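This report introduces a protein structure to a reader who has not met it before. It moves from the overall layout to the helices, the aromatic pairs and the core.

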Amino acid sequence: MNPYSIPPFITASLLLFLSSFVLYKNWKSIFNRIFFLLGLASTIWLFSYSFAYTIVLEQEAQLWFKIGYCGIVFIAVVFFHYTIEFLKLEKMKPLVIGSYLIGFLWIILIWKSLFFIKGVTKYFWGYYPLAGLVHPLFLIFFIGLVSFALVLLFYSFLLKKKEWSALKRIQIKYIFLAFFVFNFASVDFLPNYGLEIYPFGYIPAFFFAIIIAYIILRYQLLDIRVAITRAGIFLVVYTLVLGIPLLINYKYGWKHSIWLMLILATLGPFI
């Protein structure tokens with residue numbers, strides 16, 4: 001397996017787990033549903049690119065990159081949508097609808113022409129898509145939409161203090177931080193233009209997930225209150241209950257590991 005494909009795969013798994021957890025806890029909330037869509041778009045991007053790095057055939061790699069770019073398009077759109085809903089900017093909702101419509105137009109260009117992705121090239125980490133004729137216009141759309149959302153968050157935090165509760169202001173601050181960090185994943189666009197810079201966008205995406213998880217746990221973002229102590233103890237105990245016997249089996253054989261698993265499984269519930 002290509003080692004360069006492992007970090008984005010791990011980050012994609014983390015984002016998928018986090019967004020699915022948020023949806024599961026309160027699927028009726030529009031904030032939770034939008035956040036799930038954002039996590040899903042990010043997951044599609046990272047999973048697809050991770051698979052593409054391991055592909056040998058150029059045509060198959062290009063197919064995965066097209067799938068990945070469908071996720072990239074909607075990262076910006078859904079982030080903008082989430083910002084408008086979170087800040088309750090009702091007058092800007094037509095802009096949200098317009099951004100979705102433009103997003104679907106980009107998807108059509110991705111699949112029906114070579115104007116968006118004109119092909120792939122081979123770098124030291126694997127294949128990577130090359131920007132087509134209209135790709136710079138997409139960058140203007142993507143960066144402009146994300147930047148506008150960040151400006152709205154920053155403006156709301158600094159100049160609309162009286163309109164928000166103390167908890168809401170803290171949530172706005174950390175959401176701004178999370179998306180500001182996530183924005184550094186845009187470095188992945190550079191190899192689209194022939195610059196052999198390893199696409200480390202999965203690192204900002206990973207820290208984005210960590211910051212969002214922190215807000216959920218510490219400041220009840222998305223109306224989620226997590227019983228972290230019980231869940232944490234359960235995870236640690238049963239990781240040991242299953243993990244130690246597997247290690248023993250690897251070194252000394254299955255007879256010793258079965259007896260140890262029986263003993264630990266008996267003690268686990270009491271612990």
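Helices, of at least four residues, and strands, of at least two, are DSSP runs numbered from the N terminus. On that basis, the elements of the protein chain run α-α-α-α-β-β-α-α-α-α-α from the N terminus on. The chain thus described holds nine helices and two strands. The model is predicted. Of the 271 residues of the protein chain, 45% count as buried. Among contacts between residues at least 6 apart in sequence, 68% join residues at least 24 apart.

## Helices α3 and α5

Helix α3 covers residues 58-86 and has 29 residues. At 1.5 Å a residue it should span 42 Å, and its end C-alpha atoms are 42 Å apart, which agrees. The helix nevertheless has a kink of about 25°, centred on Ile75. As 23 of its 29 residues are buried, α3 is largely enclosed by the rest of the structure. After α3 comes Lys88, with a positive phi near 60°.

Helix α5 has 25 residues. From its first C-alpha to its last it reaches 35 Å, close to the 36 Å expected at 1.5 Å a residue. The buried residues of α5 include His135, Phe138, Phe141, Phe142, Leu145 and Leu153. Among the elements that cover the buried residues of α5 are α3, α4 (93-112), β2 (126-131) and α6.

## Aromatic pairs

A pair of aromatic rings is described by the distance of the centres and the angle of the planes. A search of the whole structure finds 41 aromatic pairs. Two of them are set out below.

| Pair | Arrangement | Centre to centre | Angle between planes |
|---|---|---|---|
| Trp45 and Phe182 | tilted | 6.4 Å | 35° |
| Phe79 and Phe179 | stacked | 3.8 Å | 25° |

Trp45 lies in helix α2 (residues 30-54) and Phe182 in helix α6 (residues 166-182), so their pair ties together parts that are 137 residues apart in sequence. Both Trp45 and Phe182 are buried. The pair of Phe79 and Phe179 also links distant parts of the chain: Phe79 is in helix α3 and Phe179 in helix α6, 100 residues apart. Phe79 counts as buried, at 3% relative accessibility. Phe179 is likewise buried, with a relative accessible area of 3%; the cut-off for buried is under 20%.

Ring pairs also link residues into a cluster, whose members include Tyr4, Tyr49, Phe65, Phe124, Trp125 and Tyr202. In addition, charged residues lie over aromatic faces in two places. Lys122 lies over the face of Tyr127, at 4.9 Å from the ring centre. Arg169 lies over the face of Phe157, at 4.6 Å from the ring centre.

## The nonpolar core and its surroundings

In soluble globular proteins, nonpolar side chains tend to be buried together. In this model, the largest nonpolar core has 73 residues, and those with the most contacts inside it are Trp45, Tyr69, Phe138 and Phe208. Helix α3 supplies the largest share of this core, 16 residues.

Tyr69 illustrates how separate parts of the sequence meet. Leaving aside neighbours within four places in sequence, Tyr69 is in contact with Tyr49, Ile110, Phe116, Ile117, Pro129, His135, Phe138, Phe189 and Asn192. Two of these partners, Phe116 and His135, are described next.

Phe116 lies in the loop between α4 and β1 (117-123). With a relative accessible area of 0%, Phe116 is buried. Beyond its neighbours within four places in sequence, its contacts include Tyr69, Trp106, Leu109, Leu130, Gly132, His135 and Phe138. Phe116 and Leu137 are 21 residues apart in sequence, and their C-alpha atoms are 9.5 Å apart in space.

His135 has its place in helix α5 (residues 135-159). At 1% relative accessibility, His135 counts as buried. Not counting residues up to four places away in sequence, His135 touches Tyr69, Phe115, Phe116, Phe189, Asn192 and Tyr193. Tyr69 and Phe116 are therefore both partners of His135, and Phe116 is in contact with Tyr69 as well.

Methods: Residues are numbered from 1 along each chain as its sequence is written. This is a predicted model: local features need pLDDT of at least 70, side-chain atom pairs count only at pLDDT 80 or more; totals for chains, interfaces and linings use all residues. Side-chain values use heavy atoms; hydrogens and water are left out. The expected span of a helix is 1.5 Å times one less than its number of residues. The bend at a residue is the angle between axes fitted to the seven residues ending there and the seven starting there. Buried means under 20% relative accessible area, exposed over 50%, partly exposed in between (1.4 Å probe, protein chains only). Rings of Phe, Tyr and Trp (its six-membered ring) pair if their centres lie within 6.5 Å; planes under 30 degrees apart count as stacked, over 60 as edge-to-face and the rest as tilted. A charge sits over a ring if NZ of Lys or CZ of Arg is within 6 Å of the ring centre and within 35 degrees of the ring normal. Contact means heavy atoms within 4.5 Å. A nonpolar core is a set of buried Ala, Val, Leu, Ile, Met, Phe, Trp, Tyr and Cys residues joined through side-chain atoms within 4.5 Å.
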